[in-house]
Amino acid sequence: MAHYDDNNRVPACWSHFLRAAEGASLDARTLRMLEPAGIGVDLALQPGSPALTMAGLGLLAACGIEHTDARSQCAPALSASVLTMRQDGDAQQGELLARMRRWVEQADASADCRHVVLLGEGALDCGLRGVLHALSDQMHRRRLHCAGPCGGGFGAGAEARHALIVIGSLSFDDARTRLELEQARDWLRRAGVADPAGRIVAVTADPGAARAAGIASAQIFALPPDLPARHAWWAMAPLVLGLAGGWSLWLQLSAGAAALDQHVAQAPLLRNAPVQMALASLARAGARGGATWHIAVCGQALAHVPNYVQQLNMGDPAGPAAGPVVWSLPPALTAAGWLERHPEGAPVDFVALLDDPRAGGAHGAVLAECLAERRLLSLRQPVRPSTLIMLPRPDARSIGALLALYEHHNALFEAVLARVHGCDGSGPVRRRLAAEIERQLGVPARAGTVDWHHDASTGYWIDRYRHVMHATGAGGRTA
C-alpha cells in the first residue's frame, strides 16, 4: 500500500515543485551562503521563494530523502567502498590502502624510481586527470606521465631505466590495456631494465585477468567489487598521488572529500549544500527546461572540473543518465565576457578560487572578472540563475571537497529524477495507447481510410504499416 501511495504522491509533489519553481523570483539582496567542508556555496543568485522551499522539502520527503539513512539510500551511485576509502584515508583499516601505502614507502626508499607512467583506461578518467592537473604544482617527488589521448606518446619525456608503470583498468582485458602493457614491457626491455615485470603494477577489479596477463600477485591492487566505474578513480588516486606527491597529498584529498561526506550525512536539508544545489538543478531542468549546464571555472587549476561533472552526468552504463549536458570554456575565455554574450541562457555554476598562489598578482583581476560576469547575468532578461562555488585555494583538501560536492549533487539529482520518472503515472497511459495502436496496426488495408484520432504523424505510420503488411500478404483483421 505504501508503494502505491508513493507512486501517487511523487508525481503530485513534482508538479507542485515545478509550479513553485515557475513562480520563484531572484532576490539578489538576500545572501544564501553555505560553507560545507571549508568551501563556499553561494546560492544568492538562484531563484527562490518560501513556496519553492516548502515544495522542495515536500518533493524530497515523497522521494524518501528526509533523514540521514534515507539520504544515503537515495544516493546509490556513491558506493560504500568510496565513502569508506575517503573516511579511512590514513590506510590503517583498509587492506587496499595499507598495501598501497607500503608500496609507496618502498618506492620512496629507492632512489631508482624517478618517473611514474600512468596507463590503461583509468589514465583517461576525468576525475583522476582533474586532480592531477589541479595539484600538479605539488607533485615534486616524481615526474608523472600519462600516455594516450591528451597525454602524449607512450613514455614521452620519461626515462625507462628509472620509471615505474601503473596500469589502471577495471576489467584488464580490454584491447587498450593489453596493448599498453606490451608496449610498457618492450619499452623497459629496450632501455636495459633487467626485470621489467618488477616495474609494472596493476590497479584492477579483476586481479585474475591481471595475473593471466603476467602481473605478479604482489603487484596487483584489487579494487572493491561494488565500485561504480565513474568513481573507480578514487581507488587509483592513493597510489598515483602517493608516488607523485607523497602520501600526505592523498590524505589531504580524502580528508576534504570525507568532510563533505559528513556534511551531507549530518546537515539539515535546508543547510545541506548538495541537497540545495540538487533542488536548484531540478528546478531549472524541469520548470525551465534546462538541457544544458555551463560550469565556468576561474583559475587554471580548475580547468578539468567540468569534464568530471560531465562524466558524472553520463551515468553508469547500466543506469540512467543524470541530466543536462555540461559544457565549459577555457578560463581565459570565461573571464573575457564571452559567457555574458552567449544567447542560449543556460544556467551557470561559477567555480572560483579566493586565493591562487600560482596566478600571482593577476588573481585579483581574474576574480573580479568572475564576480562581474555573474552580476551581469543576474541583470539580464530573462535572468540566468547561477551558483558560485568558492574554494579558499587550490589545495588537495579543497579539491577533494569540491569533487565530492558534485558527486553528492549528481547522486541526489539522479535519485529524485529516477523516482519522478518511475512514478510519473505515464506507464498505464502508455500501455493503453500502445494496445490501441497495436489493434489499429492490425486493421487490413482493404478496410480503406480510417480516422484514427491521432496526430498526423502517428496516423501516417499506422497506415504505412498496414499497406506494407498488405503488400507482403500478411493477414489482418477488420476495423
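Two strands pair if DSSP finds at least two bridges between them. The exercises below apply to a predicted model.

**Exercise 1.** State how many bridges join strand β8 to strand β10, and whether the two run parallel or antiparallel.

Solution. Take β8 as residues 292-298 and β10 as residues 348-353. The two are joined by 5 bridges, and their pairing is parallel. At the level of residues, C298 stands opposite A352 in β10.

**Exercise 2.** Place these strands in their sheet and find which strands stand at the edges.

Solution. The sheet is open, has 6 strands and follows the order β1-β2-β11-β10-β8-β9. Its pairing is mixed. β1 (33-34) and β9 (325-327) have a single partner strand each, so one side of each lacks a neighbour in the sheet. Helix α12 (residues 305-314) packs on this sheet and touches β8 and β9; the direction of α12 makes about 155 degrees with that of β8.

**Exercise 3.** Identify which strands helix α15 lies across.

Solution. Helix α15 covers residues 363-379. The strands it lies across are β2 (40-42), β8, β10 and β11 (386-391). Relative to β10, α15 runs at about 160 degrees.

**Exercise 4.** Describe how helix α6 packs against helix α9.

Solution. Two packed helices are described by the angle and the distance between their axes. The axes of α6 (residues 126-134) and α9 (residues 233-245) come within 9 Å and cross at roughly 30 degrees. The crossing is right-handed. Next, list the residues: G127, L128, V131 and L132 in α6 meet W233, M236, A237, V240 and L241 in α9. Sorted by type, the residues of this contact are 8 nonpolar, 1 polar and no charged.

Notes
Residues are numbered from 1 along each chain as its sequence is written. This is a predicted model: local features need pLDDT of at least 70, side-chain atom pairs count only at pLDDT 80 or more; totals for chains, interfaces and linings use all residues. Side-chain values use heavy atoms; hydrogens and water are left out. Axes are lines fitted to C-alpha atoms, for helices over the stretch in contact, and angles run from 0 to 180 degrees between N-to-C directions. Helices (H or I, at least four residues) and strands (E, at least two) are DSSP runs, numbered from the N terminus. A crossing is left-handed if the near helix is turned anticlockwise from the far one by less than a right angle, and right-handed if clockwise. Contact means heavy atoms within 4.5 Å. Ala, Val, Leu, Ile, Met, Phe, Trp, Tyr, Cys and Pro count as nonpolar, Asp, Glu, Lys and Arg as charged, and the others, Gly among them, as polar.
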